[in-house]
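Student: Could you walk me through this model, starting with the ligand and then moving on to pockets and ring pairs?

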Amino acid sequence: MKLWYDQPAKVWEEALPIGNGHIGAMVFGIPAKEHLQLNHDEFWSGSPYTNYNRHAGPKALDTIRRMIDAGKYGEADKYAENFVAEKVHGVNYQPVGDLYLDFKGHQEYKNLRRELDISKAVSTTTYEVDGVHYTRTSFASLSDNIIIVKLTADQPGKINFSASLTTLQKAKLTVTGNNALALCAIAPEHSGLPGVIQVAVNLQVQNSGGTVQKGDSTINVQLADSAVIYLSMVTNFKNYRRMLADSINSAIIIAAKATELNKQAQQKNYAGLLNDHIKAYQKYFNRVYFDIGQTDAALLPTNIRLANFKEGKDPQLVSLYFQFGRYLLISCSQPGGQAANLQGLWNPHTDPPWGSKYTDNINLEMNYWPAEITQLTEMHEPLVSMVKDLAESGQSTATIMYGARGWVLHHNTDIFRATGAIDGAWGLWPTGGAWLCQHMWEKYLFNGDKTFLQSIYPAMKGASQFFVDVLYKDPHTGWLVVSPSASPENSHDGNSLSAGTTMDNQMVFSLLNNTIKAATILQVDNAFIKAMQTKAAGMAPMQIGKFNQLQEWINDWDNPDDKHRHISHLWGLYPGSLISPYRSPTLFEAAKISLLHRGDISTGWSMGWKVNVWARLLDGNHAYKLITNQLTPTDASHEGGGTYPNLFDAHPPFQIDGNFGCTAGIAEMLLQSHDDAVHVLPALPDQWQNGTMHGLKARGGFIVDMDWQNGLLKKLVVTSTIGGNCRIRSYQSLAIKGALMVKKNTDANPNLFYAVLQIKTPVVAGTLTPENPVLKKVYEYDLPTVAGMAYAFEF
Ligand code: FUC
């Protein structure tokens, strides 16, 4: 599986990403001046800080709530100045620097091919100059934590180049030997916070044949047969509160560590390094196999395929894009590292869009949507550890701003785990913790790992404590709501703030119920379970508004012409699982009407979200339409988001969330496991009538392999990792040996990972009669399973 091009990258969005979760590079493949733009996931501007607003607090909270209750939304937005951070609105993720390799005389070249093999996580550029064939191979080693570039030619003595390291940061470059360069850089200050994170880069060149010599600031290789460049990067970041040591000692420690990493890597030979890297990568990548056919279109360069995709003749571009999403997650999120930020790991800007930080009112969570369903559960670790940090750092924000227990997160954070409200009134959205904890609970549902649940329970409990304390009785309805808050980044009549937005109601209701379940499983906190039950019982139901839509706000303010990119009130459909075609059909139909109002074309991530929502609406063709929109090349004439030549998602600008959202959406079209059953091929589009998808994971730890023809399942293998009842739902009547047919689909699945959350009866506007969806008939089968066993069926 390859992305490939017949030209070097002219711009960053054409370069190819490599990464090992901690360090990464964008490879340009330029013959005369090879360029690797370098990143390290811990290299951010500024220093540890908090950004809660000290003027907030119970009194201010009361004031703003009274304004909202009185409908004085404009005043409330203004008063929000008392809640939004006074100084620091987040620091910036920084580029480390650039590696350049100058090859004199390579300006004129022939037959260039630049590729990224995502089945191996290796990038290669080949070209020809004066009859000599040159090859460059680059990878960011997953096994040895080092970036490697190998340069070869098909004739001896032809490798001549000089290597240099540059950076936009304050830095010191040292030539440390005939074949080695060391760069030590310090990240810039931010909003008055001095830059304290340092990075040490260590580069060493090993030549075979010829000579290697140092220049003033370069390493020069002459007449070599081949050469290997080893590049390590280490920072002084220890955790969100502190660095390894003071700045002078840090610089010495990290330079030594970078040299040591480099030395260790060189103890293996190149072939061994490459082999170990590929093995480490394929351990994750090979878990999922996806094929919906291949045509000659797949032979063309990737940028041309992208331009042609709308013609509908290149199904392999979908499987490539899906697997590229998995490649990206493996490459930018590894245990022990930082979570994938807005640009994953790859960012060339010192002032990147939105700081290239973490926006948790959609983008951060979306980055991890493919993690469980596409069997990349280990890649989730940096997010889990971030949530644990936030559950600490968000405590002071909860106490000082809300006078509440537990912890709170507003819509942004960064490497220092700031949790205050930022940007403006619309940043006063205190439900980030609720969303992240639902995400953690879902991780538990996929794997059933009680040790994990135990480790994340304190974060879930803390998030719930916050809402038990801050839920507020809306004087108009008597419902318990979050106030103040916003429906992320949208406005009603030009105002941001209100009480009881639908998304908050859905997320807090889910949080409290999931925490009740977690506490019950872990047999802890009986009294607190009761407190959560009481609060959840008083919360607002979902509402169907005058257009038969799912209401976005507590009042029926929705406008069918509102094309806002956020579809926050549809959270209950995806990634939440509160709305079901079978259990709450009118809400299901109302959600669909809301999504139709919002329309298709939007930013990259918004389209990625819509793929998932259309999949949950069981409409494969509409989901496919969104995939087509997303796989549209981006240029200035194109309205909305799309995809860059290197298959990076375009908000625009580049944001990695759309890659992950769409990858998860493709999986969700083929397998769902949230609504009481494992639904096989729930939203298969007409275009994918024949295919194979092996290795998707369903909740309850079932690995599912499916082969289908003419839209009908031909083969199904369910591998049970933790045992339990596997309820299979299909549009097709299936002969499943050993399974019992479920007579009424209202009979609950005895598997507890499938327990359905009982929601409140929706409130319907005025005299409206809510609409019901037209649903396909489904067949359901209960298959008892034993952990470790595989169950194969042919139809
Ligand atoms: C949210 C979105 C924007 C952008 C930003 C990083 O604020 O509304 O579209 O994706 O995050």
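Tutor: What follows goes through the ligand site, the pockets and the aromatic pairs in turn. This is a predicted model, in which local features need pLDDT of at least 70, side-chain atom pairs count only at pLDDT 80 or more, and totals for chains, interfaces and linings use all residues. Residues are numbered from 1 along each chain as its sequence is written, and side-chain values use heavy atoms, with hydrogens and water left out.

Student: Which residues are around the ligand?

Tutor: Around the ligand, taking residues with a heavy atom within 4 Å of it, are Leu342, Trp354, Thr359, Asn363, Glu489, Arg565, His566, Trp605, His651 and Gln655.

Student: And how does that shell divide into nonpolar, polar and charged?

Tutor: Three are nonpolar, five polar and two charged, where Ala, Val, Leu, Ile, Met, Phe, Trp, Tyr, Cys and Pro count as nonpolar, Asp, Glu, Lys and Arg as charged, and the others, Gly among them, as polar.

Student: Which side chain has an N or O atom 2.6 Å from a ligand oxygen?

Tutor: That is histidine 651; in addition, a polar side-chain atom of tryptophan 605 lies 2.9 Å from a ligand oxygen, and one of asparagine 363 lies 3.1 Å from a ligand oxygen. The ligand taken alone exposes 290 Å², of which the protein buries 98%, with areas from the Shrake-Rupley method and a 1.4 Å probe.

Student: Switching to pockets, what volume does the largest one have?

Tutor: Its volume is about 630 Å³, meaning the space filled by probe spheres set on the grid points, which are joined across faces, edges and corners. A pocket here is an open set of points on a 1 Å grid over the protein atoms alone, where a 1.4 Å probe fits, with protein on both sides within 12 Å along at least five of seven lines, and lining residues have an atom within 4 Å of a point.

Student: What lines the largest pocket?

Tutor: The largest pocket has 35 lining residues, with Lys517, Tyr754, Ala755, Val756 and Leu757 nearest its centre, and by class they are 16 nonpolar, 13 polar and six charged.

Student: How many aromatic pairs are there in the whole structure?

Tutor: The search finds 31, pairing rings of Phe, Tyr and Trp (its six-membered ring) whose centres lie within 6.5 Å, with planes under 30 degrees apart counted as stacked, over 60 as edge-to-face and the rest as tilted. Phenylalanine 103 and phenylalanine 161 form a stacked pair, because their ring centres are 5.4 Å apart and their planes are at 20 degrees.

Definitions and conventions:
A polar contact is a pair of N or O atoms within 3.5 Å; within protein, one must be able to donate a hydrogen and the other to accept it, and residues adjacent in sequence count only if both atoms are side-chain atoms.
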